[in-house]
Amino acid sequence: MKIRLFSRKDSTQIQSVARESWRYAYEGLIPERTQVDFLLSVYTEDALMRSLSTSVLLVAEEEGEVIGFVHFSLINIKKEIELGALYILPSFHRRGIGT
């Protein structure tokens, strides 16, 4: 497994990881339409690229495929950061990828 900085070419795979992760975690809790609407607003290619001005997005990659990502944002002038998202494809859970 390789951890590296996000690049524009990862956008489609990031969207897929987010969609599958949300479906797995929130099925029966958050209506599917609400999930889709949220993911379409936050994980568009443009939104991901805009977020890079104040945050860091890393991807976990295995055999050339993005299997997860983490998103950190600067939250104040003290340079404290916030973990905004950590998503791993469900089929890769319990392998230590998010630790």
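Biologist: Which residues do ring pairs link into a cluster in this predicted model?

Modeller: In this predicted model, the cluster consists of W22, Y26 and F38, linked by ring pairs. Over the whole structure, the search returns 5 aromatic pairs.

Biologist: Why is the pair of W22 and F38 called stacked?

Modeller: The ring centres of W22 and F38 are 4.8 Å apart, and rings pair if their centres lie within 6.5 Å. The planes of W22 and F38 stand at 25 degrees, and planes under 30 degrees apart count as stacked. The pair of W22 and F38 is therefore stacked.

Biologist: What makes this pair a tie between parts of the chain?

Modeller: W22 belongs to helix α1, whereas F38 belongs to helix α2 (residues 32–42), so the pair ties together parts that are 16 residues apart in sequence.

Biologist: How do you know whether W22 is buried or exposed?

Modeller: The relative accessibility of W22 is 10%, and buried means under 20%. W22 therefore counts as buried.

Biologist: Why does F38 receive its own label, partly exposed?

Modeller: F38 has a relative accessible area of 34%. Buried means under 20% and exposed over 50%, with partly exposed in between, so F38 is partly exposed.

Biologist: What makes the pair of Y43 and F69 edge-to-face?

Modeller: For Y43 and F69, the distance is 5.6 Å centre to centre, with 70 degrees between the planes. The limit for a pair is 6.5 Å between centres, and planes over 60 degrees apart count as edge-to-face. The pair of Y43 and F69 is therefore edge-to-face. Y43 sits in the loop between α2 and α3 (45–51) and F69 in strand β3; the two are 26 residues apart, and the pair links distant parts of the chain. Both Y43 and F69 are buried.

Biologist: F69 leads to the sheet. What is the order of its strands?

Modeller: The open sheet has 4 strands in the order β1-β2-β3-β4, with antiparallel pairing.

Biologist: Why are β1 and β4 called edge strands?

Modeller: Strands β1 (2–5) and β4 (81–88) each pair on one side only, and they are the edge strands. From one strand to the next, the twist averages 20 degrees.

Biologist: How do you know that β3 and β4 pair?

Modeller: Strand β3 (residues 65–74) is joined to β4 by 7 bridges, and a pair requires at least two. The two strands therefore pair, and they run antiparallel. Within this pairing, S73 stands opposite E82 in β4.

Biologist: Where does helix α1 pack?

Modeller: Helix α1 (residues 11–26) packs on the sheet and touches β2 (55–62), β3 and β4. The direction of α1 makes about 90 degrees with that of β3.

Biologist: Why does the empty space of about 50 Å³ enter the count of cavities?

Modeller: The count takes cavities of 30 Å³ or more and comes to 1. The largest cavity, at about 50 Å³, meets that cut-off of 30 Å³. Its lining consists of R19, R23, E32, Q35, V36 and L39. Helices α1 and α2 are the elements that give two or more residues to this lining, and α2 gives the most, with 4 residues.

Biologist: What lines the largest pocket?

Modeller: The largest pocket has a volume of about 150 Å³. Of its 13 lining residues, I3, V70, L86, I97 and G98 lie nearest its centre. Strands β2, β3 and β4 are the elements that give two or more residues to the lining of this pocket, and the largest share, 4 residues, comes from β3.

Methods: Residues are numbered from 1 along each chain as its sequence is written. This is a predicted model: local features need pLDDT of at least 70, side-chain atom pairs count only at pLDDT 80 or more; totals for chains, interfaces and linings use all residues. Side-chain values use heavy atoms; hydrogens and water are left out. Axes are lines fitted to C-alpha atoms, for helices over the stretch in contact, and angles run from 0 to 180 degrees between N-to-C directions. Contact means heavy atoms within 4.5 Å. Rings of Phe, Tyr and Trp (its six-membered ring) pair if their centres lie within 6.5 Å; planes under 30 degrees apart count as stacked, over 60 as edge-to-face and the rest as tilted. Buried means under 20% relative accessible area, exposed over 50%, partly exposed in between (1.4 Å probe, protein chains only). On a 1 Å grid over the protein atoms alone, a cavity is a set of points where a 1.4 Å probe fits but cannot get out, and a pocket is an open set with protein on both sides within 12 Å along at least five of seven lines; lining residues have an atom within 4 Å of a point. Grid points are joined across faces, edges and corners, and a volume is the space filled by probe spheres set on the points.
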